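Reader: I am new to this structure and would be grateful for a close look at its salt bridges. Please then follow the account into the spaces and the sheet.

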Amino acid sequence: MCGRYAASRAPEDLAGIFEVEKWEPEETLAPDYNVAPTKEVYAVLDRPLKDADDPTPVRQLRKLRWGLVPSWAKTPEGGARMINARAETVHEKPSYRRAFTTRRCILPADGYYEWVTGAGERELEVEGKKKRPRKQPYFVTPADGSVFAMAGLYEFWRDRTLPDDHALAWWVTCSVITTEAETSPLAVAPAEGPRALADIHPRMPLMLTPDQWDAWLDPARTDVDDLRGLLAPPPAGLMRAYPVSTAVSNVRNNGPELLTELEGPEEGTLF
């Protein structure tokens, strides 16, 4: 899954990386090293400009809210639970299938956090025989330092309690697509601990490589079978993972120190 991630790149850098044609300086976000559900995040998308006569899609960098609210939802309250969409079923789930065919985006990140929970400890806790120890967070990021381009969906939701001209009348929300975690060895693994992403968690965000970006963002591609072909996981061996401070477990903590690599898991945590 993806429950937290880091996104510290400046909008000017993202605009260059993704060949963005339009972004509004007033939508600039501060670097966020502990992005949590319901926060505002950057998204890259191809869409005609609002109120423009030309219907040609334009590559834009937009500010969206993480946690997708379907257009038909009566309230936005469920958005915090819809931060992830499974690649295997995204084309058929009512909450995601319309966005999958016409409203796809890329959510740029430095990488994502995941917490290791050992299977043995989980079983003991379920049986009531042992209190689960603190979980060790790991930061997963491209080994070459490139941007982590997460496949995403976005949706519009109209707050009918507000007038049309109200600034908050429309919500634009998004979700990260996840896939099965890689079982192949990490490009760079920690000295002790997990050797593959699947050792950390069975799911991972679907990372798109640069050769996939244009096809994924193209709103003219609406054939479900064609689009499902774009959900293939990236080549193996692109990622590294390393332990970070358990401070990231508290959403109030936010700073570049959260990305500092530890020599090993913190005392009292798993692995």
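Author: The structure holds 10 salt bridges, each defined as a side-chain nitrogen of Lys or Arg within 4 Å of a carboxyl oxygen of Asp or Glu. Side chains of opposite charge can pair when their charged atoms come close. The model is a predicted one, in which local features need pLDDT of at least 70 and side-chain atom pairs count only at pLDDT 80 or more, whereas totals for chains, interfaces and linings use all residues. Residues are numbered from 1 along each chain as its sequence is written, and side-chain values use heavy atoms, with hydrogens and water left out.

One of these salt bridges brings together the side chains of glutamate 40 and lysine 63, with 3.8 Å from N to O. The two residues lie 23 apart and join distant parts of the chain, since glutamate 40 belongs to strand E4 (residues 40-47) and lysine 63 to strand E5 (residues 58-66). Strands (E, at least two residues) and helices (H or I, at least four) are DSSP runs numbered from the N terminus. Glutamate 40 is partly exposed, at 41% relative accessibility, and lysine 63 is also partly exposed, at 25%. On this scale, buried means under 20% relative accessible area, exposed over 50%, and partly exposed in between, with a 1.4 Å probe and protein chains only.

A second example joins arginine 158 to aspartate 164, whose closest N and O atoms are 2.3 Å apart. Here arginine 158 is buried, at 9% relative accessibility, whereas aspartate 164 is exposed, at 63%. A third joins arginine 221 to aspartate 226, with 2.8 Å between the closest N and O atoms. Arginine 221 is partly exposed at 26%, as is aspartate 226 at 30%. Elsewhere, salt bridges with shared partners connect Asp46, Arg59 and Asp214 in one network.

Strands E4 and E5 return when one turns to the open spaces. The largest pocket contains about 870 Å³. Of its 26 lining residues, Glu27, Lys50, Arg62, Trp170 and Val172 are the closest to the centre. Strand E2 (22-23), E4, E5 and strand E11 (170-180) each supply at least two residues of this lining, and E5 gives the most, with 6 residues. The lining has 12 nonpolar, 2 polar and 12 charged residues. In this classification, Ala, Val, Leu, Ile, Met, Phe, Trp, Tyr, Cys and Pro are nonpolar, Asp, Glu, Lys and Arg are charged, and the others, Gly among them, are polar.

Pockets and cavities are found on a 1 Å grid over the protein atoms alone: a cavity is a set of points where a 1.4 Å probe fits but cannot get out, a pocket is an open set with protein on both sides within 12 Å along at least five of seven lines, and lining residues have an atom within 4 Å of a point. Grid points are joined across faces, edges and corners, and a volume is the space filled by probe spheres set on the points.

The second largest pocket holds about 220 Å³. Its lining comprises 18 residues, with Ala7, Leu29, Ala30, Asp32 and Tyr42 nearest the centre. E4 contributes the largest share of this lining, 3 residues, and the classes are 13 nonpolar, 1 polar and 4 charged.

The whole structure has 2 cavities of 30 Å³ or more. The largest cavity encloses about 40 Å³, and its lining includes Trp72, Tyr96, Arg98 and Glu155. The second largest cavity, at about 30 Å³, leads back to the first salt bridge: lysine 63 is one of its lining residues, and Glu27, Tyr42 and Arg62 are also among them. E5 supplies the largest share of that lining, 3 residues.

Finally, an open sheet of 5 strands has the order E3-E1-E8-E9-E13 with antiparallel pairing, where two strands pair if DSSP finds at least two bridges between them. E3 and strand E13 (239-243) are at the edges with a single partner strand each, so one side of each lacks a neighbour in the sheet. From one strand to the next the twist averages 25°, with axes fitted to C-alpha atoms, for helices over the stretch in contact, and angles running from 0 to 180 degrees between N-to-C directions. Strand E9 (residues 136-142) runs antiparallel to E13 and is joined to it by 5 bridges; phenylalanine 139 has tyrosine 242 of E13 as its bridge partner.
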